[in-house]
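Hi everyone, thanks for coming. I'd like to walk you through a structure today, so let me put it on the screen.

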Amino acid sequence: MPLKKKSASVPWELKEGEDNYLKEPWILKKGKEIITIETNNNNRGNFYLQKDDEKRLSLSALQAKLTYHQLIEFGYKLKKTKRKIIKTKEVTDESF
């Protein structure tokens with residue numbers, strides 16, 4: 001069975017400021033199932049994948065990319081993080 005070449009990018013290939021940029025961990029959700037993908041800081045270029053509370057798997061970059069696309073095809077949705085609203089304090093000179 002030939003592999004389909006995926007042209008769509010994965011969240012970890014996007015840079016800050018681009019559309020659809022999300023910080024890690026990247027969370028995929030389908031019903032009550034949650035799959036988390038995060039970078040492996042001990043082994044650059046590798047990723048950790050964990051389903052719910054099961055054991056964490058270490059994957060290469062290619063395996064992580066292919067797995068991500070398969071999960072999307074199976075109906076998982078990438079959970080978008082809520083952006084924090086930063087409130088600024090007004091500075092006044094009333095303290096003098």
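Let me start with one residue, Lys 23, which is exposed because its relative accessible area is 57%, and the cut-off for that label is over 50%. You'll find Lys 23 in the segment before β1. Its C-alpha atom is separated by 9.5 Å from that of Lys 80, although the two residues are 57 apart along the chain. Please keep in mind that this is a predicted model.

Now the overall layout. The protein chain has 1 helix and 5 strands, and from the N terminus the elements run β-β-β-β-α-β. There are 96 residues in the chain, and 22% of them are buried. The accessible surface comes to about 8700 Å², with 51% belonging to carbon and sulfur atoms. For those of you who like contact maps: if we take contacts between residues at least 6 apart in sequence, 37% join residues at least 24 apart.

On to the sheet. In what order do the 5 strands of the open sheet sit? Reading across, the order is β4-β3-β2-β1-β5, with antiparallel pairing. The edge strands are β4 and β5, and each of them pairs on one side only. As a reminder, strands of a sheet pair through backbone hydrogen bonds, either parallel or antiparallel.

Let's go through some of the pairs. β5 covers residues 77–78, and it pairs with β1 in the antiparallel sense over 2 bridges. Here Leu 28 has Leu 78 in β5 as its bridge partner. β2 and β3 are antiparallel too, with 5 bridges, and Thr 36 is partnered by Gln 50 in β3. These two strands form a hairpin with 6 residues between them, and Gly 45 in the turn has a positive phi of about 90 degrees. Then β3 is joined by 4 bridges to β4, residues 57–60, again running antiparallel. Tyr 48 stands opposite Ser 58 in β4. That pair of strands, β3 and β4, also makes a hairpin, this time with 5 residues between them.

Which residue in the turn between β3 and β4 has a positive phi? That's Asp 52, with phi near 45 degrees, a positive value in a residue other than glycine. Why point it out? Because most residues other than glycine have a negative phi. As for exposure, Asp 52 counts as partly exposed, since its relative accessibility is 36%.

Next, the helix. α1 lies across β1, β2, β3, β4 and β5, and runs at about 105 degrees to β4.

That brings us to the core. The largest nonpolar core has 14 residues, and those touching the most other members are Trp 12, Trp 26, Leu 28, Ile 35, Ile 37, Phe 47 and Tyr 68. Which elements give two or more residues to this core? They are β1, β2, β3 and α1, and the largest share, 3 residues, comes from α1.

If you'd like one residue to click on, try Ile 37. Leaving aside residues up to four places away in sequence, Ile 37 touches Trp 12, Pro 25, Trp 26, Leu 28, Phe 47, Tyr 48, Leu 49 and Tyr 68. You may recognise Leu 28 from earlier, as the bridge partner of Leu 78.

That's my tour, and I'm happy to take questions.

Terms used
Residues numbered from 1 in each chain as written. Predicted model: local features only at pLDDT ≥ 70, side-chain atom pairs only at ≥ 80, totals over all residues. Heavy atoms only, no water. Core = buried A, V, L, I, M, F, W, Y, C linked by side-chain atoms within 4.5 Å. Buried < 20%, exposed > 50% of the residue type's maximum accessible area, 1.4 Å probe, protein only. Contact = heavy atoms within 4.5 Å. Pairing = 2+ DSSP bridges. Areas by Shrake-Rupley, 256 points an atom, 1.4 Å probe, with all protein chains shown as cover. Axes fitted to C-alpha atoms, helices over the stretch in contact; angles between N-to-C directions.
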